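Colleague: I'd like to learn how to read a protein model feature by feature. Could we start with pairs of charged side chains?

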Amino acid sequence: MKQTLQPPDHRSMRVRSGAAHAAQPPDRAPRNRRPASPQWAAWAFLTPVTLYLALFYAYPLYRNLDLSLRNYTVRSFVQGDAPFTGLENYRKVFDDPTFAPALLHTVVFTGVCLAFQYAIGLALAVFFNQHFRLSATLRALFLVPWLLPLIVSASTWSWMFNSDSGIVNAALHAVGLDAVNWLTSPSWSLTSVIIANVWIGVPFNLVVLYSGLQSIPSGLYEAAALDGAGAWRRFWSITFPLLRPVSAITLLLGLVYTLKVFDIIWIMTKGGPADASTTFATWSYRLGFGNLLPAFGPGAAVGNLLVVAALAFGLVYMRAQRKQAYS
């Protein structure tokens, strides 16, 4: 007998495959991964800043402190075997006859420059806050001294203050006044570098104080004008009090910058004549690099005195800001 071949039953195959599939253990659902902690993202953003501060601020400060506590010579500076002397370098600095004049010149230079830079910058900021025609153009022109390299500015002022061919003495001669030895006279050398530094620092004060004036509501001035307050009264009652936070940070930054001014003084007078314009910045450079036998230790000690002064004023500013926030 012939056996007939029947076609496969597809329905039974689907049933069997379904049953086999049902018999297999179900796959485990994928676990939800916890999102990355935001603390890691914060550390990732802080790492470049931390490395920059460590390499270019913390390490140089440490090296400068190490220089001031050891007796470094050119040989030991290269080989790194300078003996530890403690505070001996600081004692040498305090006993040096240049210390008292350099301290006085630093205080006078910093104080006079800060006063004139702030006063002139504030006056110009109030003037340009009137929003007259060409106000933006003139503000941009006032930024030129700030944008020029310091070596260019100092060289320009050196030429202007030249005793023989300077334009300043030429102007004095034109009005019948005697010429002044601006850069070679002990009585005028410090005044010369102060004038040059004030000219360079005014644009910074102008920009910062002008931005602070933009945050003062104009409605306050309108209300004061309706009450009959004049321009001078509006300035002392509205502008100056509301500019105090901006003025504080402007003066602090100007103080730190002025304390370390070196380029202008060195190019114009080199601290002379007879140390008449020597400040701590120029004295530190001259001790460390201006002699055939450099005194690295005392030079670093003078530099550390500048760092301590800037740090002290910074702490005073932070304390004042904290008191103002709590009051």
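Modeller: Sure. A salt bridge here is a side-chain nitrogen of Lys or Arg within 4 Å of a carboxyl oxygen of Asp or Glu. Asp95 and Arg91 fit that rule, with their closest N and O atoms 3.0 Å apart. Keep in mind that this is a predicted model.

Colleague: What is the general idea behind such a pair?

Modeller: Side chains of opposite charge can pair up when their charged atoms come close.

Colleague: And how far apart are Asp95 and Arg91 along helix α4?

Modeller: They sit 4 residues apart in helix α4, so about one helical turn separates them. Asp95 is exposed, because its relative accessible area is 53% and the cut-off for exposed is over 50%. Arg91 has 42%, so it counts as partly exposed.

Colleague: Which other side chain meets Arg91 in a salt bridge?

Modeller: That's Glu88, with an N to O distance of 2.3 Å. Glu88 and Arg91 both belong to helix α4, which covers residues 88-95, and they are 3 residues apart, about one turn of the helix. Glu88 is partly exposed at 29% relative accessibility.

Colleague: How many salt bridges does the structure hold?

Modeller: The count is 5. One of them joins Arg286 and Asp275, whose closest N and O atoms are 2.9 Å apart. Arg286 is in helix α15 while Asp275 is in the loop between α14 and α15, so this pair ties together parts that are 11 residues apart in sequence. Asp275 itself is partly exposed, with a relative accessible area of 26%. There is also a network: salt bridges with shared partners join Arg63, Asp66 and Arg70.

Colleague: Okay, on to rings. What do I look at when two aromatic rings pair?

Modeller: You describe the pair by the distance between the ring centres and the angle between the planes. In this model the count comes to 23 aromatic pairs. Take Trp232 and Trp236: their centres are 5.8 Å apart and their planes meet at 75 degrees, an edge-to-face pair.

Colleague: Where do Trp232 and Trp236 sit relative to each other in the helix?

Modeller: Both are in helix α12, 4 residues apart, so they are separated by about one helical turn. Trp232 is exposed, with 63% relative accessible area, whereas Trp236 is partly exposed at 42%.

Colleague: What does a tilted pair look like?

Modeller: Try Phe262 and Tyr285. Their ring centres are 4.6 Å apart and the planes are at 50 degrees, so the pair is tilted. Phe262 lies in the loop between α13 and α14, and Tyr285 lies in helix α15, so the pair ties together parts that are 23 residues apart in sequence. Tyr285 is partly exposed, at 32% relative accessibility.

Colleague: Which residues form an aromatic cluster?

Modeller: Trp157, Phe161, Trp182, Trp188 and Trp199 form one.

Colleague: Now a single residue. Is Ser158 buried or exposed?

Modeller: Buried, because its relative accessible area is 15% and the cut-off for buried is under 20%. Ser158 is in helix α8, residues 150-160. Setting aside neighbours within four places in sequence, Ser158 is in contact with Leu183, Ile267 and Met268.

Colleague: Last topic: empty space. How is it found?

Modeller: Rolling a probe the size of a water molecule over the atoms shows where empty space is left. Here, the largest pocket has a volume of about 760 Å³. Its lining has 24 residues, and those nearest the centre are Leu61, Asn64, Gly303, Leu306 and Val307.

Colleague: Which helix gives the largest share of that lining?

Modeller: Helix α16, with 8 residues. The helices that each supply at least two lining residues are α2, α13, α15 and α16. By class, the lining splits into 18 nonpolar, 5 polar and 1 charged residues.

Colleague: How much space lies in the second largest pocket?

Modeller: About 400 Å³. It is lined by 16 residues, with Val126, Asn129, Gln130, Tyr221 and Thr239 closest to its centre. Helices α10, α11 and α12 each supply at least two residues of this lining. The classes here are 8 nonpolar, 6 polar and 2 charged.

Key
Residues are numbered from 1 along each chain as its sequence is written. This is a predicted model: local features need pLDDT of at least 70, side-chain atom pairs count only at pLDDT 80 or more; totals for chains, interfaces and linings use all residues. Side-chain values use heavy atoms; hydrogens and water are left out. On a 1 Å grid over the protein atoms alone, a cavity is a set of points where a 1.4 Å probe fits but cannot get out, and a pocket is an open set with protein on both sides within 12 Å along at least five of seven lines; lining residues have an atom within 4 Å of a point. Grid points are joined across faces, edges and corners, and a volume is the space filled by probe spheres set on the points. Ala, Val, Leu, Ile, Met, Phe, Trp, Tyr, Cys and Pro count as nonpolar, Asp, Glu, Lys and Arg as charged, and the others, Gly among them, as polar. Rings of Phe, Tyr and Trp (its six-membered ring) pair if their centres lie within 6.5 Å; planes under 30 degrees apart count as stacked, over 60 as edge-to-face and the rest as tilted. Buried means under 20% relative accessible area, exposed over 50%, partly exposed in between (1.4 Å probe, protein chains only). Contact means heavy atoms within 4.5 Å.
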